[in-house]
Amino acid sequence: MTTPLEARSLIKAFDGDAVLKGVDLTVEPGTVLGLLGKNGSGKSTLIKCLLGLLKPTAGEAFVFGEDAWSLSAAAKGRLGYVPQEVVTYPWMRVRQVIAYTGAFYPTWNQRLADDLCRRWNLPLEQRAGVLSVGQLQTLGLVLALGHEPELLVLDEPVASLDPSARREFLRILIEITGDGDDAGGRVGESARPRTVLFSTHITSDLERIASRLALLKDGAIAFEGESDALKERVKRIRLTSRNGALPTGIDIPGAIHTTVEGVLAEATVTDFTPDLPARLAAENNVDVAVVDLNLEEIFVEMHDE
Ligand SMILES: Nc1ncnc2c1ncn2[C@@H]1O[C@H](COP(=O)(O)OP(=O)(O)OP(=O)(O)O)[C@@H](O)[C@H]1O
């Protein structure tokens, strides 16, 4: 099976200012990869370079093994993309926009599109130009899902959705990316593996649906892997002195944000290993407690480094 998306040493600079400084990223078939990064970290830029919508300054991007910059119509047909700002034909009614888009795809599933519109309460007779930002984003999702793409790329897909539309969207995403007998689920009945790349700031959404995470930081991928692996690697540790005083200059390997207050020291470590607590305890005459962090806390810690 060909790799749906790949970036190799991707560099993108605007007016000589590099936003992406050498990104290597492979999105394997069947994965739901959440792309996480601060505002302005380059998530949209990376997505656009990956899809051939922006020309990289250097490096390469591939979609289904094809050079993203000269993508064939066949590869484009296997791909669904929702940009951060959905642009459509304002004078058309929602129903017409959907029919117009569907006409481009031999695999268009109108039943699926109708189903999604119903579930997201899209006003089919409304002119697209007067839709709210959230409704427009929902329409973008219908347009991207209607041809049952193998690869879905979503740039902050839920940013403008209200909580109930967001929940419904995530439910649908879980359905279509479900594996085994449920592949395709009720939405789209094909059993093709679905690969999803989506960028977001909303870490709780990532926690629910992403099988893997990529953290974009300082123009490169700071972490790529299963979210559980990230949680195993990044922990907060609390050291309490056993004799009323902490040694000066405690050396905690991989520590970011160390605070010392009286007999208590706290640090976040980015390369935690199970033997670390016992080692620190023995070396410093302290009691060590390990605190698990959720993705949001990890995101904040790693960016405040
Ligand atoms: N066409 C462009 N010309 C000049 N600079 C650009 C262009 N597109 C993006 N940038 C700059 O690149 C940086 C990254 O922008 P990008 O939109 O990729 O970030 P992002 O991570 O998607 O941000 P957000 O989470 O806020 O959407 C920003 O500083 C932005 O100003």
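Which residue in β9 is the bridge partner of Leu-36? The legends below take up this question along with others, and they describe a predicted model.

**Figure 1. Overall view of the protein and its two domains.** The protein is built from ten helices and 14 strands, and its C-alpha trace spans about 75 × 40 × 40 Å along the principal axes. Of its 305 residues, 39% are buried. Among the contacts with a separation of 6 or more, 66% are between residues 24 or more positions apart. The chain is divided into domain 1 (5-229) and domain 2 (234-303), and the centres of these domains, taken over C-alpha atoms, are separated by 38 Å.

**Figure 2. Close-up of the contact between domain 1 and domain 2.** Nine residues from domain 1 and five residues from domain 2 take part in this contact. On the side of domain 1 that touches domain 2, α7 (203-209) and β9 (212-217) each supply at least two residues, and the largest share, three residues, comes from α7. Sorted by character, the residues on this side of domain 1 are four nonpolar, two polar and three charged.

**Figure 3. Close-up of the open sheet and the order of its strands.** Six strands form this sheet in the order β6-β7-β8-β3-β9-β10, and their pairing is mixed. The edges are taken by β6 (79-82) and β10 (220-226), each of which pairs on one side only, and from one strand to the next the twist averages 15°. Strands of a sheet pair through backbone hydrogen bonds, and they may do so either parallel or antiparallel. Strand β7 (residues 151-155) pairs with strand β8 (residues 195-200) in the parallel sense, over five bridges, and within this pair Asp-155 has Ser-199 in β8 as its bridge partner. Helix α1 (residues 43-50) lies across β3 (32-36), β7, β8 and β9, and runs at about 150° to β7.

**Figure 4. Close-up of strand β3 and its two partners.** Strand β3 is mostly covered, with five of its five residues buried. Val-32, Gly-34 and Leu-36 are buried on one side, while Leu-33 and Leu-35 are buried on the other, and both faces of the strand are thus covered. With β8, strand β3 pairs in the parallel sense over five bridges, and here Val-32 stands opposite Val-196. With β9, strand β3 again pairs in the parallel sense, over four bridges, and the opening question finds its reply in this pair, where the bridge partner of Leu-36 is Leu-215.

**Figure 5. Close-up of the largest nonpolar core.** This core has 69 residues, and those with the most contacts inside it are Leu-50, Leu-139, Val-142 and Val-153. Helix α5 (residues 133-145) gives the most to the core, with seven residues. Domain 1 (5-229) and domain 2 (234-303) both contribute residues, so the core lies between them. Leaving out residues up to four places away in sequence, Val-142 touches Ile-98, Ala-113, Leu-116, Cys-117 and Leu-122. Apart from the largest core lies another one, of seven residues, among them Leu-239, Leu-246, Leu-280 and Val-286.

**Figure 6. Close-up of Ser-9 in strand β1.** Ser-9 lies in strand β1 (residues 5-14). Is this residue buried, partly exposed or exposed? Ser-9 is partly exposed, because 13 other C-beta atoms lie within 10 Å, whereas a buried residue would need 20 or more and an exposed one would have 12 or fewer. When residues up to four places away in sequence are not counted, Ser-9 touches Gly-22, Asp-24 and Gly-59. The C-alpha atoms of Ser-9 and Glu-60 are separated by 6.7 Å, although these two residues are 51 residues apart along the chain.

**Figure 7. Close-up of Leu-124 in a loop.** Leu-124 is found in the loop between α4 (110-119) and α5. With 13 other C-beta atoms within 10 Å, Leu-124 is partly exposed. Its contacts, leaving aside neighbours within four places in sequence, are with Arg-93, Val-94, Arg-95 and Cys-117. For one of these, Arg-93, the C-alpha atom is separated from that of Leu-124 by 6.7 Å, and the two residues are 31 residues apart along the chain.

Technical notes. Residues are numbered from 1 along each chain as its sequence is written. This is a predicted model: local features need pLDDT of at least 70, side-chain atom pairs count only at pLDDT 80 or more; totals for chains, interfaces and linings use all residues. A nonpolar core is a set of buried Ala, Val, Leu, Ile, Met, Phe, Trp, Tyr and Cys residues joined through C-beta atoms within 7 Å. Domain bounds come from an automatic or database domain assignment. Two residues are in contact if their C-beta atoms, placed from the backbone, lie within 7 Å. Ala, Val, Leu, Ile, Met, Phe, Trp, Tyr, Cys and Pro count as nonpolar, Asp, Glu, Lys and Arg as charged, and the others, Gly among them, as polar. Two strands pair if DSSP finds at least two bridges between them. Axes are lines fitted to C-alpha atoms, for helices over the stretch in contact, and angles run from 0 to 180 degrees between N-to-C directions.
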